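Trainee: Please take me through this model, and justify each term as it arises.

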Amino acid sequence: MGILQGKRILVTGVLTDSSIAFSVAKLAQQEGATVVLTGFGRLSLVERIAKRLPEPAPVLELDVQSTEHLDTLADRVGEHVDGLDGVVHSIGFAPQTALGGNFLNTSWEDVATALQVSTYSYKALAVACLPLMKEGGAVVGLDFDASKAWPVYDWMGVAKAGLESCNRYLARDLGKQNIRVNLVAAGPLRTMAAKSIPGFKEFEDSWPDKAPLGWDLSDTLPAAKACVALLSDWFPATTGEIVHVDGGVHAIGA
Ligand SMILES: NC(=O)c1ccc[n+]([C@@H]2O[C@H](COP(=O)([O-])OP(=O)(O)OC[C@H]3O[C@@H](n4cnc5c(N)ncnc54)[C@H](O)[C@@H]3O)[C@@H](O)[C@H]2O)c1
């Protein structure tokens, strides 16, 4: 029996089959979960990618900048499953001006977009799903270690710092309903989001050498395994946590 047997999981953020969310959805199904996906923008592309999962999964439209999409989400998810045991937030975006070394000149409008899509949406998604969430459920988000300033990551780094704080506040407020809230801080992975960061190669070049366990930039499975573990019943007393899945880089100095 899989560790997610009988669980109903909403997975956001599938765009291509290299998306971290695709790997999470696939593994969740393999571990026995019923998965519902959300997609943003290119829905026909997401639907095509969803067909590559072991089981067919419905795809619902969700732009986290749309109040209407968020307000109707629980009803739309409820047409496919009668409740939710887990929600995966695998969403991030920052305009190009907010990345790549332009930190001192980025406009507030562009910073605001990065924060709304990458930080505030974590809370917005969790609250939108609350009507369906069962006791013992889990919210899991994808993070990039925000304890330091990185090259080129710029306002996305600030957004991730906010995400880490949001994770703690959500854990505080959802604990009363016995809902756990945790982040997986993954090392760099070659996804669409990563490719859109000018200068991302700087991470690619140094990470595998710095990581005590080594690091494969094209393997999303370790991050997906951590997400699935956190969605399972095997972390019953863990919330507000950040699990690093980065080959160990966060633990190493120069
Ligand atoms: N790739 C990496 O190196 C890496 C490392 C650590 C954490 N992460 C995080 O993992 C998460 C998933 O990213 P990924 O690397 O799999 O890339 P990805 O490009 O496959 O996924 C990003 C997703 O965000 C979605 N998105 C963007 N704007 C949205 C909006 N307004 N509403 C709803 N969805 C929206 C996109 O449609 C896409 O599915 C992000 O939070 C990212 O910051 C990525």
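**Ligand shell, sheet and core**

Mentor: Helix 6 gives the most to the shell around the ligand, with three residues. Helices (H or I, at least four residues) and strands (E, at least two) are DSSP runs, numbered from the N terminus. The model is predicted: local features need pLDDT of at least 70, side-chain atom pairs count only at pLDDT 80 or more, and totals for chains, interfaces and linings use all residues. Residue numbers start from 1 along each chain as its sequence is written.

Trainee: What makes a residue one of those that surround the ligand?

Mentor: Its C-beta atom, placed from the backbone, must lie within 6 Å of the ligand. There are 27 such residues, and among the closest are Ser-19 and Thr-191.

Trainee: Why is one side of strand 3 and of strand 7 left without a neighbour in the sheet?

Mentor: Two strands pair if DSSP finds at least two bridges between them. The open sheet has seven strands in the order 3-2-1-4-5-6-7, with parallel pairing. Strand 3 (59-61) and strand 7 (242-245) stand at its edges with a single partner strand each, so one side of each lacks a neighbour. Strand 6 and strand 7 are joined by four bridges in the parallel sense, and therefore satisfy the criterion of at least two.

Trainee: With which residues is Val-24 in contact, leaving aside neighbours within four places in sequence?

Mentor: Contact requires C-beta atoms, placed from the backbone, within 7 Å. Val-24 is in contact with Val-11, Val-88, Ser-90, Ala-224, Cys-227 and Val-228; the C-beta atoms of Val-24 and Val-11 therefore lie within 7 Å.

Technical notes:
Contact = placed C-beta atoms within 7 Å.
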